[in-house]
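User: Please take a close look at the inside of this protein and walk me through it slowly. I'm new to this, so explain the terms as you go.

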Amino acid sequence: MRTSNLLLATLRDAPADAEIASHRLMLRAGMVRQLAAGIYTWLPLGLRVLRKVETIVRAEMDRAGAQEVLMPGVQPAELWQESGRWDKYGPELLRLQDRHQRHFCLGPTHEEIITDLVRREVRSYRQLPVNFYQIQNKFRDEIRPRFGIMRAREFLMKDAYSFHLNQESLQETYDLMYRTYSRIFDRIGLDYCAVLADTGNIGGSRSHEFHVLADSGEDRIVLTGKGGYAANIELTPAPAAGARPAATAVMAKVATAGKHTIDEVCGLLNTTPDKCLKTLIVVGKDGSPVALVLRGDHELNRVKAESLPSVRTPLAFAGAEVVRTSLGCSVGSLGPRGLNIPLYVDNAAAGVADFVCGANEEGFHLTGVNWGRDLAEPQVTDLRNICADEAAPDGKPARIARGIEVGHIFQLGTKYSEAMKAHCLDEAGRAVTLIMGCYGIGVSRVVAAAIEQNHDERGIIWPASIAPFQVALVPINMHKSERLRAAVESLYQELTAAGIEVLVDDRRERPGVMFADMELLGIPHRLVFSERGLDAGTLEYRTRRDTEDRAVPVAEALSFLRAQLISV
């Protein structure tokens, strides 16, 4: 490919609203352009990378015995109503009507569609197990699309669905998909880890997320070293508190007018957040308030809170007016003493003595409060996120890392097949409800995640397997020299014939502009042609990660590049 034949839409500066590296660099490198909020056009350079990721994913799914299908992006409401998700999925489901006023949605996922297909086509146990996959655009109407391709409303996804007669068969395919995903991310060249995860609104009994480790990741994961514990923070149990110290202080009510946050109260009362308890009010299953109590230095774990029998799912905090009307004070003055609503106390909070809490009276707090003396012994549960250096479930100190979720595998069980009556006959001729698995990879998100993990101040540094081109040929002032043009053309033809993907920068640009663009694009290998170099019979070679050039004989350029490409 020649730059004269390529839409090379590089930018010197990124838009001000591009917050993370992948968003900035994908715009600056001319890989994507925004059409509407969270909706992007993929330009030729970006599409080359996207297709390379897709090719790796498809090859490994085929290797694992999965069969490729392509299902409609527009889905009838009837199937979602049959599964029970039409009303439960939430506003991320973009609903629409056709000219006959029939209800449809743009597919955010395809459990209903594949279950309908299988219940029509799979009749006998002899056809099982079976695993179908597709690579297709999805649409989720995110309330706040951000970070470019990382959290777009429309995105390219590989989703696969397996069907089984029994749990043992599902486990075999689940384990196979785990290994398949590991091969995919290994081939792409990502630093990743697989972690235990919550099943979310997809449902099911067990799941793993595959995370690319990057500081810009939205998810927090708990790790204890290579081969140790690895799980999403929402799924990680916090360590139990030790024995509660004996009470030493007398409870007292103190004025704290205008002090509502933990830090403000601590500053006024000369104490620390771990000696203060905060009371959070959430909406219960029947709509009435429920109180959750944690230490002031701890963070509520939403997934753990949603598992409580009295708490509504998804978790929602009670509004300020509801709190004031039902409990008689603002959130900043709330405390566990005297509340006549369901009350759950985190195990760390239950282990604190002589603590500070709200007095349930505007402008006042209580000091020297103790469980079992000043208020009843609490109903204790695990409500919080684990903290760094606390003991993880394997007993080792926890490390909290940031991750970008690029893949997720689920054991769905019979959630969809039971609701939609997906059955087949077993060996005895009995109708059996099929057991399902679900396996997704965010193909377009992988592109952004790779950039988050591989970039510097000059631009993108692509993993070799997904770089848009393998080699860049950069001639200096080629338009002024027929000898230079002939040398570039000769090597270009030679490399292309050898199956090497080459980009020739044949623009009439200054060398600094050409070098800056090639570094921005992140092409792994670069050869620079110059009149002085040809006089010496050499080219200047540099990898994208290098800072110094290396002289390579023109006559050996092909064999040299082949060796470099093989060694990657």
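Analyst: Sure! A residue is buried when its relative accessible area is under 20%, exposed when it is over 50%, and partly exposed in between (1.4 Å probe, protein chains only). Keep in mind that this is a predicted model, where local features need pLDDT of at least 70 and side-chain atom pairs count only at 80 or more, while totals for chains, interfaces and linings use all residues. Residues are numbered from 1 along each chain as its sequence is written, and side-chain values use heavy atoms, with hydrogens and water left out.

Let's start with the cysteines. Cys 424 has a relative accessible area of 3%, so it is buried. Its sulfur is too far from any partner for a bond, because the closest cysteine sulfur, in Cys 438, is 19 Å away. A disulfide takes two cysteine sulfur atoms within 2.5 Å, and this structure holds 0 of them. Cys 193 is likewise in no disulfide, with the sulfur of Cys 387 as its nearest at 19 Å. Cys 193 also counts as buried, at 13% relative accessibility. Over the whole protein, buried residues make up 52% of the 568.

Now for the empty spaces. A cavity is a set of points, on a 1 Å grid over the protein atoms alone, where a 1.4 Å probe fits but cannot get out; its lining residues have an atom within 4 Å of a point. You'll find 2 cavities of 30 Å³ or more here. The largest holds about 80 Å³ of space. Around it sit Ala 472, Met 518, Glu 519, Ile 523, His 525, Arg 526, Arg 542, Thr 543 and Arg 544. At least two lining residues come from each of helix H13 (511–521), strand E28 (525–529) and strand E29 (538–543). Helices (at least four residues) and strands (at least two) are DSSP runs numbered from the N terminus.

The second largest cavity has about 60 Å³ of space. Strand E20 (residues 399–413) gives the most to its lining, with 3 residues. The lining includes Gly 403, Ile 404 and Glu 405, along with Phe 147, Met 150, Asp 219 and Arg 445.

Back to E28 and E29, since they also meet a helix. The buried residues of H15 (residues 557–567) pack against both of these strands, and against strand E26 (471–475), helix H12 (482–497) and strand E30 (550–553). Those buried residues are Ala 557, Leu 558, Phe 560, Leu 561 and Gln 564. They are on the same side of H15 because they cover an arc of only 160 degrees around the axis. On the other side of H15, Ile 566 and Ser 567 are exposed.

A few backbone details are worth finding in the viewer, too. Leu 128 and Pro 129 are joined by a cis peptide bond, with omega about -5 degrees. Pro 129 belongs to the loop between helix H4 (111–121) and strand E7 (130–139). Another cis bond runs from Thr 313 to Pro 314, with omega near 0 degrees; that proline is in the loop between helix H7 (302–306) and helix H8 (320–327). Asn 360 isn't a glycine, yet its phi is positive, near 60 degrees. You'll see Asn 360 in the loop between E17 and strand E18 (364–369), and at 18% relative accessibility it counts as buried. Asp 354 has a positive phi as well, near 55 degrees, and its loop lies between helix H9 (347–350) and strand E17 (355–358).

How values were computed. On a 1 Å grid over the protein atoms alone, a cavity is a set of points where a 1.4 Å probe fits but cannot get out, and a pocket is an open set with protein on both sides within 12 Å along at least five of seven lines; lining residues have an atom within 4 Å of a point. Grid points are joined across faces, edges and corners, and a volume is the space filled by probe spheres set on the points. The arc is that of the directions from the helix axis to the C-beta atoms. Contact means heavy atoms within 4.5 Å.
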